[in-house]
Amino acid sequence: MLGGLWGIITTIVVGLILGVIGRMLASGDQKIPMWLTIVVGIIAAFIGNWLAGVFGVRDTPGIDWIRHAFQVGAAVVGVIAAAAVYAKVKGGGHRAVT
């Protein structure tokens, strides 16, 4: 298991990759900053690993395609949810007066 600085770097890189894939697969335009994309990707990695464990497919011989599919699915849902929340938070304080 990686630890220390390499563990942090690996976590950020995996989060970036999953977040970007989630943004590409999510429908519509997600206007969220890159830092939020990385955070969503990191959280999606944990959720995907947990789901794979629940379904008993976390550790399989070879490449864990099902686990990765769970992670990407979680990233897509996470990006959509983050974009909706971010839009409300960012735009919530600016209402036009008519």
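Helices α2 and α3 are oblique to each other, because their angle falls outside the named classes (under 35 degrees roughly parallel, over 145 roughly antiparallel, 65 to 115 roughly perpendicular, the rest oblique). The model is predicted: local features need pLDDT of at least 70, side-chain atom pairs count only at pLDDT 80 or more, and totals for chains, interfaces and linings use all residues. Residues are numbered from 1 along each chain as its sequence is written, and side-chain values use heavy atoms, with hydrogens and water left out.

**Helix pairs**

Helices here are DSSP runs (H or I, at least four residues), numbered from the N terminus. Axes are lines fitted to C-alpha atoms, for helices over the stretch in contact, and angles run from 0 to 180 degrees between N-to-C directions.

| Pair | Axis angle | Axis distance |
|---|---|---|
| α2 and α3 | roughly 140° | within 7 Å |
| α1 and α3 | about 65° | 8 Å |
| α1 and α2 | roughly 100° | within 6 Å |

Helix α2 covers residues 34–54 and helix α3 covers residues 65–91. Their crossing is right-handed (the near helix is turned clockwise from the far one by less than a right angle; anticlockwise would be left-handed). Contact means heavy atoms within 4.5 Å. On the α2 side the contact includes Leu-36, Val-40 and Ile-47, and on the α3 side it includes Phe-70, Ala-74 and Tyr-86. Its residues divide into 13 nonpolar, four polar and one charged. In this scheme Ala, Val, Leu, Ile, Met, Phe, Trp, Tyr, Cys and Pro count as nonpolar, Asp, Glu, Lys and Arg as charged, and the others, Gly among them, as polar.

Helix α1 covers residues 4–25. Helices α1 and α3 are roughly perpendicular to each other. Their crossing is right-handed. Among the contact residues are Leu-18, Ile-21 and Arg-23 of α1, with Gln-71, Val-72 and Val-76 of α3. By class, this contact has seven nonpolar, three polar and one charged residues.

Helix α1 also packs against α2, with the axes crossing at roughly 100°. That makes α1 roughly perpendicular to α2. Residues including Thr-11, Val-14 and Leu-16 in α1 meet partners in α2, among them Met-34, Ile-38 and Ile-42. This contact has nine nonpolar, five polar and one charged residues.

**Aromatic rings**

The count comes to one aromatic pair (ring centres of Phe, Tyr and Trp, its six-membered ring, within 6.5 Å; planes under 30 degrees apart are stacked, over 60 edge-to-face, the rest tilted). Phe-55 and Phe-70 are stacked, 5.4 Å centre to centre with 15° between the planes. Phe-55 lies in the loop between α2 and α3 and Phe-70 in helix α3, so the pair ties together parts 15 residues apart in sequence.

**Record**

An unreviewed UniProt entry lists residues 6–26, 33–57 and 69–87 as "transmembrane region". Such annotations may be inferred rather than shown by experiment. Residues 6–26 are 95% helix, with end C-alpha atoms 30 Å apart. Residues 69–87 are 100% helix, and their end C-alpha atoms lie 27 Å apart.

Notes:
Helices (H or I, at least four residues) and strands (E, at least two) are DSSP runs, numbered from the N terminus.
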